[in-house]
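Please open the model in a viewer and keep the sequence alongside it. The tour proceeds by selection, one stop after another.

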Amino acid sequence: MDQRNNKLGWLFASPYLIYSLLFFFIPLIWSIFLSVTDWDLIAPTFNVVGFENFLEALRSPSVHAAFWNTYKFMMIFVPLVTALAIGVAVLVHGLPRFKGLFLIGFFLPYLSSGVVSALIVKGLLSYTSPVNEFLRGIGLDINWLGSPLSALFVVGLILAWKFTGYYALILTSGLESIDKEVYEAAAIDGVKDGQRFWRITLPLLYPSLYTTLILGFGVTFGIFTEVYQLTGGGPGNATNTWQMEIFKQAFSNMQVGYASAVALLASVATFISIFAIRKILEIWGKRNGWV
Amino acid sequence: MKKRVPMVLSVALMAGLLSACSTGQGGQTGSEGGGESSDGVTTIEFWAAPNPTQQAFWQEMADAYEAQNGKVKINVSAIKESPTSEASIQAALAAKSAPTMSENINRGFAAQLASSQALVPLDTLEGFDEIVQGRSMTQTIEPWTFADGHQYVLPIYSNPMLFGWRLDIIRDLGYSEPPQTYGEILELTKKLKAKHGDKKYLWAKPDLADPTAWKRWFDFYMLYDAASGGNKFIEGDAFTGDEKAGVEVLSFVDDLRKEKGLLARQVTDPFENGTGVFTDVGPWTFTTWAEKYPNLKYNETYALTMPPVPDGMDPADSKTFADTKGLVVYASATKEQQAAAIDFIQWVYGDANNDAAWFEKTNLPPARDDLSTNESFQAVLDKSPQLKPYAENVPNAVPPMDNAKYNDLQTIIGTEAFNKVVKGEIAPAEGWAAMKAALEKALD
């Protein structure tokens with residue numbers, strides 16, 4: 001009986017295992033192999049260069065920029081998208097009807113093309129756009145994509161617009177799962193309306209919030225389309241990201257071995273960062289007695 | 001409602017997953033097998049540039065050729081841009097699904113592919129010399145010879161890049177024709193700013209501050225080729241830049257910046273909308289202008305000139321950058337496919353009327369020595385007089401470098417010198433020195 005269950009277990013798990021093998025483990029091993037070569041995948045021969053690609057990457061200013069910019073995007077994007085998603089979730093949760101319809105409406109940007117939204121933003125931020133004409137009229141001449149800080153903010157804002165609806169959906173699900181009796185009991189115990197969100201809602205929303213925060217932090221390690229379309233990683237390297245750097249090295253410079261080394265460094269940075277963030281969130285939850 | 005939210009969540013997640021899985025592209029991805037079939041028919045895969053006009057031209061050529069040659073089948077498809085045509089070609093080569101031949105290859109990318117032995121040296125194929133002779137392109141193809149002495153690309157078109165001037169705006173400043181030297185342009189800039197303030201600039205273009213490699217072709221190289229009389233800048237693995245000309249170019253850009261004549265900000269169609277009065281113009285632009293900006297009329301609202309030159313130099317000696325792309329044959333193709341490919345090219349370029357049809361459809365000047373003298377092209381030039389200065393200047397245009405590191409090298413021009421000068425972050429002479437040092441290090 002146990003053996004039959006084992007076989008059934010393997011059978012049911014096999015689609016995921018095959019998927020992981022094909023799209024994760026084999027590419028990972030391939031990438032490790034490429035990273036110690038100077039191969040461009042096209043030439044009939046290649047040299048094994050050991051850790052040279054890694055050393056070069058660790059010395060590269062554009063890789064340094066990609067590393068730090070990820071955390072800069074994190075500091076802009078995560079608080080913004082979390083605040084907006086909580087706001088949307090609370091608003092939708094309070095609606096008497098059509099909650100699903102509104103949630104789908106907020107979710108639509110997530111399905112929209114990053115290329116299209118980036119091009120629209122490009123038009124909006126044009127020097128001659130009505131927005132900038134107005135701003136210049138009141139003495140504000142902002143070079144949105146030409147100065148490092150504003151370029152980071154513009155990309156962060158687009159991402160927040162895109163992901164707010166998605167995270168709001170998860171948070172609304174969390175809000176719906178909070179029993180109304182908890183609020184009623186709290187009211188009897190004298191919890192005021194102003195305290196309700198911080199004392200009841202937020203602690204009980206923690207599991208959903210934890211998920212959205214981890215997803216949000218994860219997004220910042222995979223930023224590509226918006227940066228590719230809007231800034232190309234510039235000005236200078238101000239908005240360069242891991243994905244941009246990998247793309248530039250692999251497909252513009254045809255240095256696939258070097259790009260693989262950068263990709264592996266990005267994976268290590270992502271793994272360590274997400275692990276640390278998870279621990280911090282768990283400590284935060286435990287310290288407040290939410291888990 | 002409690003049940004509905006998880007349902008909406010599930011549907012949304014599924015939709016997200018499905019949209020993430022989609023590549024947005026379908027159809028075949030290259031040659032599947034190819035070569036000679038049992039019935040003696042050789043199938044070749046031809047990847048055309050990813051625009052409908054060029055794809056239609058090559059499809060017409062393939063159909064006409066097949067009608068006369070039953071032993072060859074040509075499958076024409078557009079190069080996918082995921083996200084660039086170069087990346088698609090590289091991916092296809094890595095996946096062993098490269099086509100037999102493709103167009104839309106610039107000299108720098110060809111150098112990258114040639115260094116990986118992915119291209120056939122065309123001069124080693126039987127019939128190549130006949131193509132060059134038959135198409136009257138001996139002079140045009142000469143600067144295309146690679147450092148190893150081979151020809152890997154057959155240039156299809158060669159755009160001598162020109163500068164456009166908004167005649168209507170500069171006429172209001174008292175000019176009947178565009179200025180041609182740096183000093184004259186600075187004078188015009190002062191008048192323009194005095195009259196229009198921050199509403200108009202001499203050169204409004206976000207790319208001026210963007211270090212992306214190819215963008216240097218349409219600003220730095222145009223000015224540098226003119227100032228240096230067509231110096232090659234980088235030849236093979238050596239930096240051969242003309243310092244005097246380079247510093248003059250950077251000083252000119254710096255002077256324009258000081259006069260507030262440059263706008264390196266995101267701006268929509270600045271030349272077309274009159275925010276800028278001067279910009280690089282390629283002949284592919286005219287089709288868009290005819291549809292979107294019908295007010296732009298040649299020699300009425302705009303004029304075309306060769307790049308300006310430093311004071312004291314004769315504007316008639318100006319050279320420019322050649323935006324030029326061509327055909328390559330991939331080394332992964334079988335001998336039969338390579339022979340069929342060459343035969344097809346020979347058939348296409350054996351008749352000047354095919355080049356005339358190309359010119360008429362695409363506005364891109366065929367890479368021939370006789371463009372302004374051959375009767376076949378007269379009708380096209382008469383119909384579209386704005387193409388005449390392009391046809392006349394084909395011999396005055398310098399193609400891009402043939403170095404496999406061209407992306408890195410041209411990025412350095414921007415990051416160390418040109419972009420910095422545009423932003424006022426470095427003096428021209430210092431910028432040139434920093435760029436030269438970085439280029440020599442990269443070439444080492």
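Two strands pair if DSSP finds at least two bridges between them; helices (H or I, at least four residues) and strands (E, at least two) are DSSP runs, numbered from the N terminus. This is a predicted model, in which local features need pLDDT of at least 70, side-chain atom pairs count only at pLDDT 80 or more, and totals for chains, interfaces and linings use all residues. Residues are numbered from 1 along each chain as its sequence is written, chains are lettered from A and ligands numbered from 1 in the order in which they are written, and side-chain values use heavy atoms, with hydrogens and water left out.

Select first strand 6 (residues 162–166) of chain B, which four bridges join to antiparallel strand 11 of chain B. Within this pair, B:G164 lies opposite B:T279. Adding strand 12 shows an open, antiparallel sheet of three strands in the order 11-6-12 (chain B). Strand 11 (278–281) and strand 12 (302–305) of chain B are the edges; each has a single partner strand, so one side of each lacks a neighbour in the sheet.

Next, select strand 5 (residues 154–160) of chain B. Seven of its seven residues are buried, so the strand is largely enclosed by the rest of the structure; buried means under 20% relative accessible area (1.4 Å probe, protein chains only). Six bridges connect strand 5 to strand 13 (residues 320–329) of chain B, and the two run antiparallel. B:S158 has B:T324 as its bridge partner in strand 13 of chain B.

Terms used:
Buried < 20%, exposed > 50% of the residue type's maximum accessible area, 1.4 Å probe, protein only.
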